[in-house]
Amino acid sequence: MKKTILIGAALAGLAIAPAALAQTVTGTVNVTGSVAAKCVVITGGGGSSFTGSIPLGELAGTDGTLSSTLSGSTNGSPAGLTQFRVNCNSAAPKVTLSATRLALSPTATAPAGYANVIDYTAGLDAALASGGVQTVSYVTAAALPAPTVQALSDSFANAANNLTIKAHSLNTAASALLMAGNYSSVISVTIEPI
């Protein structure tokens with residue numbers, strides 16, 4: 001019996017010995033993630049596209065030429081506009097803007113002294129996160145110029161209606177009478193995260 005107690009005590013001593021030799025262990029664990037650069041339409045469409053319209057109404061004045069209200073419009077006081085909310089998480093998104101001429105549809109040949117197309121300025125106003133607005137413009141012409149490509153100086157503001165598309169400064173040949181009918185144009189916008 002004494003041998004059993006002594007063996008038991010010796011074994012208990014051995015069990016305690018490794019605990020006395022234990023050392024502290026430290027480690028680090030890195031947690032990582034990423035956010036892809038993207039632009040998303042919040043209002044005026046969904047996902048990666050938006051659509052709207054700018055109804056200009058009657059284009060001709062009482063004398064049959066282009067309305068002076070439309071020809072005298074400016075970016076600050078446009079002939080018409082539409083607004084959207086676009087969220088872009090990149091520091092300076094790239095904007096590409098172009099437009100077609102406002103043309104009679106279906107098309108018909110304009111006799112001398114008449115116009116079946118109206119040129120104008122398509123404008124894009126981007127509200128910026130740092131405050132203020134950056135404007136991108138495109139002017140239509142008989143030979144359409146290349147699209148206007150411009151990087152914004154800052155991110156879009158995280159706010160409603162942070163993107164405004166405008167039509168202004170409409171023009172035709174001097175004293176041209178507008179042919180009767182429906183006119184249409186398309187403003188094209190691409191916004192890319194950089």
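In the predicted model described here, strand 14 provides the largest share of the lining of the largest pocket, contributing 4 residues. The space within this pocket amounts to about 530 Å³, and of the 26 residues that line the pocket, Phe-50, Gly-52, Ile-165, Ile-187 and Val-189 are the closest to its centre. Besides strand 14, the elements that give two or more residues to the lining are strand 1, strand 3 (49–50), strand 4 and strand 11.

Strand 14 is also part of an open sheet of 3 strands, arranged in the order 10-5-14 with antiparallel pairing. Strand 10 (148–151) and strand 14 (187–192) occupy the edges of this sheet and have a single partner strand each, so that one side of each remains without a neighbour in the sheet. Direction being ignored, neighbouring strands of the sheet are turned by 15 degrees against each other on average. The antiparallel pairing of strand 5 (residues 94–99) with strand 14 extends over 6 bridges, and within strand 14 it is Glu-192 that stands opposite Lys-94.

The loop between strand 10 and strand 11 contains Leu-152, a residue that is buried, its relative accessible area being 3%, a value that falls under the 20% limit for buried residues. When neighbours within four places in sequence are left aside, the residues in contact with Leu-152 are Ala-92, Pro-93, Val-95, Ala-126, Leu-128 and Gln-134. For the pair Leu-152 and Val-95, a separation of 57 residues in sequence corresponds to a distance of 7.2 Å in space, taken from C-alpha to C-alpha.

Asn-161 is likewise placed in the loop between strand 10 and strand 11 (163–171), but Asn-161 counts as partly exposed, with a relative accessibility of 37%. The phi angle of Asn-161 lies near 50 degrees, which is a positive value in a residue other than glycine. A positive phi, near 55 degrees, is also found at Ser-169, again a residue other than glycine. Ser-169 is placed in strand 11 and is partly exposed, with a relative accessible area of 25%.

A further backbone feature concerns the peptide bond that joins Ser-105 and Pro-106, which is cis, with omega at about 0 degrees. Pro-106 is found in the loop between strand 6 (102–105) and strand 7 (114–115).

The structure holds 1 disulfide, which joins Cys-39 to Cys-88 with an S to S distance of 1.9 Å. Cys-39 lies in strand 1 (residues 39–43), whereas Cys-88 lies in strand 4 (residues 80–88), so the pair ties together parts that are 49 residues apart in sequence. The torsion about the S-S bond of Cys-39 and Cys-88 is about 115 degrees, and the disulfide is therefore right-handed. Both cysteines, Cys-39 and Cys-88, are buried. The two strands that carry this disulfide, strand 1 and strand 4, are among the elements that give two or more residues to the lining of the largest pocket.

Methods: Residues are numbered from 1 along each chain as its sequence is written. This is a predicted model: local features need pLDDT of at least 70, side-chain atom pairs count only at pLDDT 80 or more; totals for chains, interfaces and linings use all residues. Side-chain values use heavy atoms; hydrogens and water are left out. Two strands pair if DSSP finds at least two bridges between them. Axes are lines fitted to C-alpha atoms, for helices over the stretch in contact, and angles run from 0 to 180 degrees between N-to-C directions. Buried means under 20% relative accessible area, exposed over 50%, partly exposed in between (1.4 Å probe, protein chains only). A disulfide is a pair of cysteine sulfur atoms within 2.5 Å. Contact means heavy atoms within 4.5 Å. On a 1 Å grid over the protein atoms alone, a cavity is a set of points where a 1.4 Å probe fits but cannot get out, and a pocket is an open set with protein on both sides within 12 Å along at least five of seven lines; lining residues have an atom within 4 Å of a point. Grid points are joined across faces, edges and corners, and a volume is the space filled by probe spheres set on the points.
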